[in-house]
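Visitor: Hi, could you walk me through this one? I'd like to start broad and then poke at a few spots.

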Amino acid sequence: MRIVGREAEQDLLTQAITDVLFGNGRVALLRGEAGIGKSRLAEYALDLARHRGLRVLRGQAHPLHAGLAYAPVVEAIRPHLGTLADHSGLEQLGRLLADPRLPAPRPSVDPELERTQMFAAVTEFIARLAPAVLFVDDLHWADRGTVELVHYIGQNTRDRKVLVLGAYRPSEAGSPLDDLAATVRRHPGGEVTVTPLPDAAVADLVGDLLGEQPAAGLLDTVTARAKGVPLFVTALVHQGFTADATLPLIVRDVVLGRLQALDETQRRLLEIISVAGDAATDTVVRTLLDESQALRALVIGGLITEQTVSSALLYRVAHPLYAEVAYSELTLAERRSLHAAVLRAIERTSPDDVLALAPHYREAGDLADPVRAAEILADAGWRALSMGAADEAIRYLEAAADQAEEKQVPALLDGIARAHQSLGRFDEATAAWQRATAVAQHQGQTDIVAEVRFRMAILDAQRYDSTAANERIRAEARALSQQSPEAAVQDFIFTMRHGTLAEAVEVSKILAGYLDRDHSPATQGVGCLGAGVLRLFDRDAGTAITLLETGLTHAVECEDEQPYLAHYLRVVLSGTYLVDGDMPRMHARAQELFTKRALMDIPSLWCWEQYIFSFNLYLQGDLPAAQREIERGVAVAREAGLPRSLACTLALRAFLLAEQGKVTEAVTTLAECKRAYLAPEQGLYEVTELAAAAIAWHEGGRVVSAPFSYYSLFNDPCASVLRGLHTGLAALRNGDRDLLAKTEQQLRVSGTDRPRLVIACADRLRGLQLNDSALLADVATRFASMGAPLLAAQTAVECAELTGDKSAIPGALQVFERSGAAPWADRTRRLARSLGLRMSPARSDGVLTKRESEVLRLLGEGLSNADIAARLYLSERTIETHLRNAYGKLGLTSRVAMARWAVENL
């Protein structure tokens, strides 16, 4: 049947396909209420695309997919994997869907970057299929990740032959979908709003449906009742209508009327397809009811559509409203019976397709085999948890627990608790663990009871940060340390945080004793950790690194079962490489902290990983990036209510703000940090003192700091080293040469040249104390060779201040301006002026990055920083950074001037 009254919309879709064929990729959205004709227009566009040689990738969001992250995109791309002979460069695609044809995923920097890399891999895969159309229907039902992925693909294929087409109902849109639509709407023809048909078009549609000119009375009634909605027009013409219902009731009445007009076989087929959803393949449907004539009648009648994806023939109810009403009209017993029948049909052909099976096992209730149901629902739950879809994980794991044998329930409840914990729902997590404890005790599973009590103790230590909570975790960990490597490591961690050097040595010896127990990877990894730390206590960094790397090799072998061990070895190695001055290896190990999603159900670990990587970026000379990382950590700690994590991340935030010259904000942040700082420990002390020292240096105030000790390096290596350095710098600025000398001696922990970063910091302070320019020049060279450009540039400027040598000034200034270290940049410019060196203004070549251009374009449209951040899925601080960079590049000094420039040039 022809499309009536949609000529303008068809022209826009035709133009979109034409643009793509000329290499101008774009995003187009069909927006409109239910039944307005979005799907019909999409079919027109897809038919035209196929006719013009474009490959069509098609996915549809569905309510049953709520617990399966990215399901519509998986549905769209899975059938096309075999079309590419070469999958190289698509490693990260394996994070979305498992397939033996795909290479193994590469490690990534952090969870957000891991997701970005997966997004990039999906985008590259689709681009390789170009010219192509990716169509996702019913985006209003899609999970947040799917919407963001669709947005990403559209934004990153604008120079490729790819059209991203979506359809959604505005009334059911969520924030991510609103943001996607707002972005698309800025481009002419990007969003096609499908509005009600005018009366003339309704008349044409009614005439087409009847096959003859409609009677005036009938046409008037249909026009008045349908309000221009094609679905209502079609339904009313086919089945008749009532006159006294509001619009929502009309939908139900019309659809029910249409369904009641079907014969028994046709109605049963429609119900089967409604229940089967995305699993309604030709094989499944014919297995349940092989009635070709009835199926043909439904297709011809427009109630069912046929689609070919790869070699599979799929059936769908023509409009979601039909499926919704057909499903809702079934009794609970009928639904369960149909879900059970569907899952049995899927099991015959695709027993490993958890994506298809899980929704039906969940809804089939006691009609499904409980053992198999528990298996499938648990797989779906663990998959959702690994994808960060915690709510969906809870839903599936709880369903699995209802079906599983009692001995399997504690593990499922543990997963439910971890999911709640990842969402910051600590009371719910505790309740789930308490249930797990009760069931495990009833089953006599004493090992599980101990492990769950241990996890609850960890949570309490995160939540309350009290001496009692910390002592409890140490006691629980010590009780389990002989049989649980994770508990042994936790015992070590809390001893390092709260114990003395003697206690740390003792617990490290206990860990080292694991080397003699057996040769399993976990015990050898724990043993190497203990032995390596003992060598660090002995100031033997070289041997320590060898032992720790060996331990990590063992730990990686059992990382799926014991993820915490490998995680902590990476933490220790990153700190060890840092104090030893090997920044590239520190960076590599810090990156690896983000590669295992199994750990991401512990919010405090999120904060700690952001904390470590923020320090890493600082040492690389990228303060804005370091600030972004720590802001994420602060947000997680604040939302989850984790006092220790909040104090730790706020202290680092205060330090970074001070280093960027934002001293007032740094002072406020440090005060908040100290209010959150509940239970004293060495690591927190180091980072808060670091922030205080940096603020004192920038303000010219005095700093009072407790003596630095070599042992403090093992609580927080980076904060400890930099605390000593900044304490000395503040002392020098205040003329307190006694404190300067004492700090230099405290940093000089041995007579050798290792650990190299610590010794370099000590030599820097000695050079400043003695006005030894040769020593400072040597230290600057050492910092640079280590991969610490910011420290190298600072030392080079200090050397130039003594010698008057101008040669290092331009390079140092470039480092400071690139890194965002405004106080050091100002100091360097003052030095340059005093030496008669003319420096160019702080601006680059004026070439904006793609992201800077996007930000300025939105600024020119009058949006606030908050609105721009929401549109681009970025933080407000990131927007501020892009604007600050653009100010420098364009030489502009006001927001008004910037907005005017954007309007005129973008």
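Guide: Happy to; here is a tour of the chain, its sheet, a pocket and some single residues, bearing in mind that this is a predicted model.

Visitor: Great. How many helices and strands does the chain have?

Guide: The secondary structure comes to 44 helices and seven strands.

Visitor: And what share of the residues counts as buried?

Guide: Of the 906 residues, 58% count as buried. The accessible surface comes to about 35600 Å², and carbon and sulfur atoms account for 51% of that.

Visitor: What about contacts between residues far apart in sequence?

Guide: Taking contacts between residues at least 6 apart in sequence, 65% join residues at least 24 apart.

Visitor: Let's talk strands. What is the strand order in the five-stranded sheet?

Guide: The order is β2-β3-β4-β1-β5, in an open sheet with parallel pairing.

Visitor: Which strands stand at the edges, and why do they count as edges?

Guide: Those are β2 and β5, the latter covering 191-193. Each has a single partner strand, so one side of each is left without a neighbour in the sheet. As for twist, neighbouring strands of this sheet are turned by 15 degrees against each other on average, direction ignored.

Visitor: How many bridges hold β1 and β4 together?

Guide: Strand β1 (residues 26-31) and strand β4 (residues 162-168) pair in the parallel sense over six bridges. If you want a specific pair to look at, Arg26 has Leu163 in β4 as its bridge partner.

Visitor: Which helix packs on that sheet?

Guide: Helix α5, residues 144-155, packs on the sheet and touches β1, β3 and β4. The direction of α5 makes about 150 degrees with that of β4.

Visitor: Back to the edge strand β2. Where does Arg55 sit, and what does it touch?

Guide: Arg55 lies in strand β2, which spans residues 55-60. Leaving out residues up to four places away in sequence, Arg55 touches His80, Thr83, Leu129, Pro131, Ala132 and Val133.

Visitor: Is Arg55 buried or exposed?

Guide: In between: Arg55 is partly exposed, because its relative accessible area of 32% falls between the 20% and 50% cut-offs. Here is another distance for you: Arg55 and Leu134 are 79 residues apart in sequence and 8.6 Å apart in space, C-alpha to C-alpha.

Visitor: You listed Pro131 among the contacts. What kind of peptide bond joins Ala130 and Pro131?

Guide: A cis one, with omega about 0 degrees. Pro131 lies in the loop between α4 (111-128) and β3. For background, most peptide bonds are trans.

Visitor: Any backbone oddities in phi? What is phi for Arg539 and for Asn771?

Guide: Arg539 has a positive phi of about 65 degrees although it is not a glycine. For Asn771, phi is near 55 degrees, again a positive value in a residue other than glycine. In general, most residues other than glycine have a negative phi.

Visitor: Where are those two in the chain?

Guide: Both are in loops: Arg539 between α25 (521-537) and α26 (541-557), and Asn771 between α36 (756-770) and α37 (773-786). Arg539 counts as partly exposed at 38% relative accessibility, and Asn771 is partly exposed too, with a relative accessible area of 49%.

Visitor: Now for acidic residues. Are Asp580 and Glu798 buried or exposed?

Guide: Asp580 is buried, with a relative accessible area of 1%, and Glu798 is buried at 3%. Both values lie under 20%, so they meet the cut-off for buried.

Visitor: What surrounds them?

Guide: Setting aside residues up to four places away in sequence, Asp580 touches Ala541, Ile545, Arg754, Pro755, Arg756 and Leu757. Asp580 itself sits in the loop between α27 (563-579) and α28 (583-592). Glu798 is in helix α38, residues 789-803, and its contacts beyond four places in sequence are Leu729, Arg764, Leu768, Leu776, Trp824 and Arg827.

Visitor: Last topic, pockets. What is the volume of the second largest one, and which residues lie nearest its centre?

Guide: The volume is about 1000 Å³. Its lining has 40 residues, and Ser39, Arg40, Gly302, Thr305 and Ala318 lie nearest the centre.

Visitor: Which element gives the most to that lining?

Guide: That is α2, with five residues. Other elements that give two or more residues include β2, α7 (199-210), β6 (304-309) and β7 (312-317).

Conventions:
Residues numbered from 1 in each chain as written. Predicted model: local features only at pLDDT ≥ 70, side-chain atom pairs only at ≥ 80, totals over all residues. Heavy atoms only, no water. Helix = DSSP H or I, 4+ residues; strand = E, 2+ residues; numbered from the N terminus. Buried < 20%, exposed > 50% of the residue type's maximum accessible area, 1.4 Å probe, protein only. Contact = heavy atoms within 4.5 Å. Pairing = 2+ DSSP bridges. Axes fitted to C-alpha atoms, helices over the stretch in contact; angles between N-to-C directions. Areas by Shrake-Rupley, 256 points an atom, 1.4 Å probe, with all protein chains shown as cover. 1 Å grid on protein atoms, 1.4 Å probe; cavity = no way out; pocket = protein on both sides within 12 Å on 5 of 7 lines; lining within 4 Å. Points joined across faces, edges and corners; volume = space filled by probe spheres on them.
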